[in-house]
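Reader: I'd like a close look at one part of this protein, and then how that part sits in the rest of the fold. Keep it informal, please.

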Amino acid sequence: MEIIGPDDALPVRRIRRAAVAGPAGSGKSTLARTLCERMGLPYVEFESFFHGPNWTVRETWQADVLKFLDGDEWAIEWQGEEVRERMTERLDVLVWLDHPRVMTIVRTLKRKVGRGSKIAGGNVEGPLHTFFTDPDHIVKLAWRYHPMIRARVHKVIEENRYPGLVIVRLRGQRQVDRWLDGAFARNLR
């Protein structure tokens, strides 16, 4: 396993399977979509496997994710506790958005100003004014999950069960942009 930064060359021939790790508000979906666009792949948001209408959990979500992961090339968010291990074992690259905690909160708040963000299944995140009444408000989740995601990535590193896995650690949007335009772009050539 190799852990690299935004300016380090990717030690894989060509990225075929990538996942983006980070808490709510870190830009996982945006980056996964960008990776797909640049790799010439259709983007499938992880949440579309999970959420049905009215925030119901789709009964087939795990099977649907695993079927998607059987594909040869993809990029997706590193989510879903029940499927994360299978996802990780198939990865070439795990892009870790290890932004400062306050940055993810600010990004989430910017997204929340006004009405909520649309989510798969026709769902909409609650508006900002429900912060005090909703225990699972997206801003609270962003705060709560930040150290949990960091711990999950550290566990993958410490266990070192995937010797071919490359983890790209990015801290802040400038590093994301440098990596996309530098090492990632060179990898695609």
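Which residue in β3 does Arg17 stand opposite? Start there and work outwards for me.

Author: Sure, with one thing said up front: this is a predicted model. Arg17 has Trp74 of β3 opposite. That pair belongs to the place where β2 and β3 run parallel, joined by four bridges. In sequence terms, β2 covers 17–21 and β3 covers 74–77.

Now step back to the sheet. The five strands form an open sheet with parallel pairing, in the order β1-β7-β4-β2-β3. So your β3 is an edge strand, pairing on one side only, and the other edge is β1 (2–4). On average, neighbouring strands here are turned by 20° against each other, ignoring direction.

Next, look at what covers this part of the sheet. Helix α1 lies across β2, β3 and β4, and its angle to β3 is about 175°. Thr34 is a residue of α1. With a relative accessible area of 18%, Thr34 falls under the 20% cut-off, so it counts as buried. A polar atom of the Thr34 side chain sits 2.9 Å from the backbone oxygen of Thr30.

If you follow the chain from β2 towards α1, you pass through a loop that holds Ser26. Ser26 is buried too, at 1% relative accessibility. Its side chain reaches 2.7 Å to the backbone oxygen of Pro23. Setting aside neighbours within four places in sequence, the contacts of Ser26 are Leu97, His99, Thr104 and Arg107.

For contrast, try the loop between α2 (46–50) and α3 (61–69), where you'll find Glu59. Glu59 is exposed, with 82% relative accessibility. Glu59 and Phe49 are 10 residues apart along the chain, and 9.6 Å separates their C-alpha atoms.

Then there's the packing. In soluble globular proteins, nonpolar side chains tend to be buried together. Here, the largest nonpolar core has 24 residues, and the members touching the most others are Leu10, Leu35 and Trp179. Two or more residues of this core come from each of β2, α1 (28–39), β4 (93–97), β7 (166–170) and α7 (173–188). That list brings back β2 and α1 from the part you asked about. A second core, separate from that one, has 21 residues, including Ala19, Trp61, Leu69 and Leu91.

Leu10 is a good residue to click on if you want to see the largest core from inside. Not counting residues up to four places away in sequence, Leu10 touches Ile4, Ile15, Val93, Val166, Val168, Trp179, Ala183, Phe184 and Asn187.

Finally, the whole chain. There are seven helices and seven strands, and along the sequence they come in the pattern β-β-α-α-α-β-α-β-α-β-β-α-β-α. The protein has 189 residues, of which 47% count as buried. Among contacts with a separation of 6 or more, 70% are between residues 24 or more positions apart. The exposed surface is about 9900 Å², with 52% of it supplied by carbon and sulfur atoms.

So, back where you began: Arg17 stands opposite Trp74, in a β2 and β3 pairing held by four bridges, with α1 lying across both strands and β4 as well.

Technical notes
Residues are numbered from 1 along each chain as its sequence is written. This is a predicted model: local features need pLDDT of at least 70, side-chain atom pairs count only at pLDDT 80 or more; totals for chains, interfaces and linings use all residues. Side-chain values use heavy atoms; hydrogens and water are left out. A nonpolar core is a set of buried Ala, Val, Leu, Ile, Met, Phe, Trp, Tyr and Cys residues joined through side-chain atoms within 4.5 Å. Buried means under 20% relative accessible area, exposed over 50%, partly exposed in between (1.4 Å probe, protein chains only). Contact means heavy atoms within 4.5 Å. A polar contact is a pair of N or O atoms within 3.5 Å; within protein, one must be able to donate a hydrogen and the other to accept it, and residues adjacent in sequence count only if both atoms are side-chain atoms. Two strands pair if DSSP finds at least two bridges between them. Axes are lines fitted to C-alpha atoms, for helices over the stretch in contact, and angles run from 0 to 180 degrees between N-to-C directions. Accessible areas come from the Shrake-Rupley method with a 1.4 Å probe; for residues, only the protein chains shown count as cover.
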